[in-house]
Amino acid sequence: MTEPPEEPAAPEQSDPVTRTGAPAGTDGRNQGPASAVAAKAAGIVPRSVNARAALAGVVVSVLLILAIVLGSRLLHNFDSALLPYAVATVFLAFGVAYRYTVWISAPGARRLLTRGWGSLFSAENFRKAPTALPKMIATYLGFQKFLGARSHARWAAHQLIFWGCILASLITFPLTWGWFTFTSGSGSGPGYEMRIWGFKILGFDSLNILGWLMFHGLDIAAVMVIPGAAYFLWRRMKDRGAITGQRFAYDMVPLLALIVISVTGLLLTFSSLFLHGGGYQFLAILHMVSVVFTLIYIPFGKFFHIVQRPAAVGMQLFKYTGRQDDQVFACRRCEEPIDTGPYVENLRGTMRDLDLGFDAWAEYCPRCKRVLRGSAYLSQVKKGFK
Amino acid sequence: MMGRTIFIDPGRCIGCQACVSACRECDSHRGKSMIHLDYTDEGSSVASLPTVCMHCEDPVAPCAEVCPADAILVTADGVVQQADTTRCIGCANCVNACPFGVPKIDLQAKLQMKCNLCYDRTAYGLAPMCATVCPTGALFYGTLEELQAERPGVQVADTFVFGESEVRTGVAMVVPADRVQWPVPGGLPVVEINGKDVRR
Ligand code: SF4
Ligand code: SF4
């Protein structure tokens, strides 16, 4: 496995290839001619975006530290053994806020953000489609129906990883922050209490089903994640489409990290149940290193899609509210519908922001663009060659 | 100057669809063709035109620039890749912003797909599928020198005019010898846009 990145931008910088387009151009990760053009096109001085992003990162991480201090009742409930994890989550908060700010500073994403929220709070949405948002969140974020349209196996594997990771985060994050505490008057057996921020939420018997589930939640998560991640790893080595253009740091490392985390987590349980703690120290360190690495990697590699995916809901809602008002835009030449009117107008705005002087072309469907270009070529360029 | 790339000569295209079939064999989008073969004036002319991604260089890949999800990667060798499956949100911005009408979109799968210049082949020095099967050489893969060695006197253009903008591309088109580097018209002899006459 690669070393944990020293500084935020490390993983993508070391990539042999660069992600261009305005966002990359504005955060200084770009190399080659792309950066200048994209930065110019974005109309943004990269340094100011970086400064804004760093500021957002600092604010969010300070807020998280405050929440940790207060939520753990001034560190009374804070488990110092979990300190590295807590520190990593602070880095995670910084990284996510930083990358998020850079991301939404680019014209396309910035407009999508305003349009998405605008649609949510629009009168049409409240009046005509109040249930659209919850439905879209369930389809696109929860059950990820679109993945099923790509392949059922990928959908199933992704659902396992997704719900496994959600379960794991719901357990670990509050634990490492000292928000959850489990106390018992009697050592084991009945009388266990679960507290959040010091308030009792639940009392249970550690020997019954609920107790078992509470204490093995992370093992269950690991059992879900391992087959999912293993399938994707197998696919990355076998599927010729997936192999095309795949990069080790971007595509393989996150899967390996998930597998190492889950396997070491299960082995920790195995060691304490059956080996009287044999190898526990070593496993605990390996587990911690892989978790800390993954948390820090999240904002800068493949896992950033977790943060970006909600944009799909914003985009769908924006298009949906446009359709509610029958604002469908038809190709100027063949009259095939292109998309909603507000969508086309928004795209043209993005193209203008980027100084792409052909935003009027967006009013024609792709086929008409090709046909018109073909006719112009044959009649103007090769006219002597009929 | 251009390295190995695709040279398109629509004047040679006979509309046989061989490239379309071959494109389906490319690993990066197995089973689906990313080539558009259009008959520009069906019914009155047999003229046809194959369209592959032009791998725009300046402005750098407009499709990638308008993408709100940073999904389109431009590799160091200038190849504009199809959308990253984890990032693409299926918004179709790239589809509608591409001046050449290249990307395709699967609205169910929320996924854009486009020609990758057969990255699985060209990255290893092989010609793209389409160019290997084209019987007339309308799609040629190689360097400009190799093209000119086969077709003495031929010239190419890698610049297209779209409205006020010129787009320089990584893939080039064959032009008559007396039209050296003549920017190729991007089409759209538009009569009006939003009710305004835009003819010069
Ligand atoms: S031709 Fe279209 S799809 Fe290809 S790089 Fe240019 S804008 Fe992108
Ligand atoms: S369809 Fe996908 S690749 Fe195209 S602009 Fe939208 S998110 Fe980007």
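Across the interface of chain B and chain A, 23 residue pairs make polar contact, with both partners at pLDDT 80 or more. The model is predicted. On the chain B side, several elements each supply at least two residues to the surface that touches chain A. The strands among them are β2 (36–39), β3 (48–51), β9 (165–175), β10 (184–185) and β11 (192–193). The helices are α2 (62–66), α3 (93–97) and α4 (119–122). β9(B) gives the most, with five residues. By class, the side of chain B that touches chain A holds 41 nonpolar, 18 polar and 15 charged residues.

The contact involves 74 residues of chain B and 71 residues of chain A. The area buried between the two chains is about 6400 Å². Carbon and sulfur atoms give 57% of that area. Three salt bridges are counted between chain B and chain A. Arg367(A) pairs with Asp38(B) in a salt bridge, and their closest N and O atoms are 3.7 Å apart.

Chain B also lines ligand 1. Four cysteines are found around ligand 1: Cys53(B), Cys56(B), Cys63(B) and Cys98(B). Met54(B) and His55(B) also surround ligand 1. So do Pro62(B), Val80(B), Phe100(B), Val102(B), Pro103(B) and Lys114(B). By class, this shell has 10 nonpolar residues, one polar and one charged. Which residues of the shell are the polar and the charged one? His55(B) counts as polar and Lys114(B) as charged.

Note on methods. Residues are numbered from 1 along each chain as its sequence is written. Chains are lettered from A and ligands numbered from 1 in the order in which they are written. This is a predicted model: local features need pLDDT of at least 70, side-chain atom pairs count only at pLDDT 80 or more; totals for chains, interfaces and linings use all residues. Side-chain values use heavy atoms; hydrogens and water are left out. Contact means heavy atoms within 4.5 Å. Buried area is the accessible area (1.4 Å probe) that two parts lose on being put together, summed over both. A salt bridge is a side-chain nitrogen of Lys or Arg within 4 Å of a carboxyl oxygen of Asp or Glu. A polar contact is a pair of N or O atoms within 3.5 Å; within protein, one must be able to donate a hydrogen and the other to accept it, and residues adjacent in sequence count only if both atoms are side-chain atoms. Helices (H or I, at least four residues) and strands (E, at least two) are DSSP runs, numbered from the N terminus. A residue is near a molecule or strand if one of its heavy atoms lies within 4 Å of it.
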